[in-house]
Amino acid sequence: MAFARNPSRVWEFYHYRREVMLTKNPNPAHLAIAECEERLTKQGRNVTVVTQNIDELHRRAGSKNMLEIHGSLFRTRCMSCGHEASNYKSPICAALKDKGAPDPKTEDAQIPEKELPRCEQTGCHGLLRPAVVWFGETLDSDILNQAESVLDNCDLCLVVGTSSVVYPAAMFAPQVAARGVPVAEFNMEDTPATMRFKFHFHGPCGTTLPPALARHETEPK
């Protein structure tokens, strides 16, 4: 609804977030997950990252088997033709250059809609929007079905750095735990789901996760 009322303001918000994330790098937790995936894949095992994050840091860390259930800051979708594509332009359009700020009191740039990001498909030129899941929208059913299939068949589940309050993702790990599958939570604090899990590692994920995912002495080199 906000995008329908004021697409300029919403694009300022997302443009700022895109520009900030282009300056950031994966942390040790992202890298540990990617290394673990690569190592276990070579052993014939499967590691799937199911993430609510839209920053693509898992992808940049090297994770390949990913389900981004809330979309990505670096994808756009056309409001007219529906075409979706990756987009890493900086700025995403000329009118948004140096626009957007973390202070909510910052005045809107009030960019005319025709100058906001537009579709480049032949004959379209429709208004683009960030390809992320906004409040009130449903998750992509294909991605959700893939996530549910992974969760139904996993033999270990790690819950890393999430508040466990945003649904439907908040019910994923508790459902796995209810089947008797070990679940390990890595977080700075307890969450509403902590008591349902067999393991809890308290502290920064960048500190606790790398040693937990490091190659065990029983694993092949």
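Helix axes are lines fitted to C-alpha atoms over the stretch in contact, and the angle between two of them runs from 0 to 180 degrees between N-to-C directions. The structure described here is a predicted model.

**Helix packing**

Helix H3, residues 28-42, packs against helix H7, residues 205-213, at an angle of about 20°, and the two axes lie 8 Å apart. Because angles under 35 degrees count as roughly parallel, H3 is roughly parallel to H7. The crossing of the two helices is left-handed. On the H3 side the contact is made by Pro-28, Ala-29, Ala-32, Ile-33, Glu-35, Cys-36 and Arg-39. H7 contributes Cys-205, Gly-206, Leu-209, Pro-210 and Leu-213. Sorted by character, the residues of this contact comprise nine nonpolar, one polar and two charged.

**The annotated cysteines**

An unreviewed UniProt entry carries the annotation "binding site" for Cys-78, Cys-81, Cys-119 and Cys-124. These residues span 47 residues in sequence, yet no two of their C-alpha atoms are more than 8.9 Å apart, so they gather at one spot.

Cys-78 belongs to strand E3, residues 71-78. Leaving aside neighbours within four places in sequence, Cys-78 is in contact with two other cysteines of the annotation, Cys-119 and Cys-124, and also with His-83, Gly-126, Leu-127 and Leu-128.

Cys-119 sits in the loop between strand E4 (84-86) and strand E5 (128-132). Not counting residues up to four places away in sequence, Cys-119 touches Cys-78, Cys-81 and Cys-124, along with His-125, Gly-126 and Leu-128.

**The annotated histidine**

The UniProt annotation "active site", again from an unreviewed entry, covers His-70. His-70 lies in the loop between strand E2 (66-68) and E3. With residues up to four places away in sequence not counted, His-70 touches Thr-51, Gln-52, Ile-54, Ala-131, Val-132, Val-133, Leu-139 and Val-166.

**Burial of annotated residues**

Residues under 20% relative accessible area count as buried. The table lists values for three of the annotated positions.

| Residue | Location | Relative accessible area | Class |
|---|---|---|---|
| Cys-78 | strand E3 (residues 71-78) | 4% | buried |
| Cys-119 | loop between E4 (84-86) and E5 (128-132) | 5% | buried |
| His-70 | loop between E2 (66-68) and E3 | 15% | buried |

Cys-78, at 4%, is thus buried within a strand, while Cys-119, at 5%, is buried in a loop. His-70, at 15%, is a buried loop residue.

Note on methods:
Residues numbered from 1 in each chain as written. Predicted model: local features only at pLDDT ≥ 70, side-chain atom pairs only at ≥ 80, totals over all residues. Heavy atoms only, no water. Parallel < 35°, antiparallel > 145°, perpendicular 65-115°, else oblique. Left-handed = near helix turned anticlockwise from the far one by under 90°. Contact = heavy atoms within 4.5 Å. Nonpolar A, V, L, I, M, F, W, Y, C, P; charged D, E, K, R; others polar. UniProt positions renumbered as here; feature names shortened; annotations may be inferred. Buried < 20%, exposed > 50% of the residue type's maximum accessible area, 1.4 Å probe, protein only.
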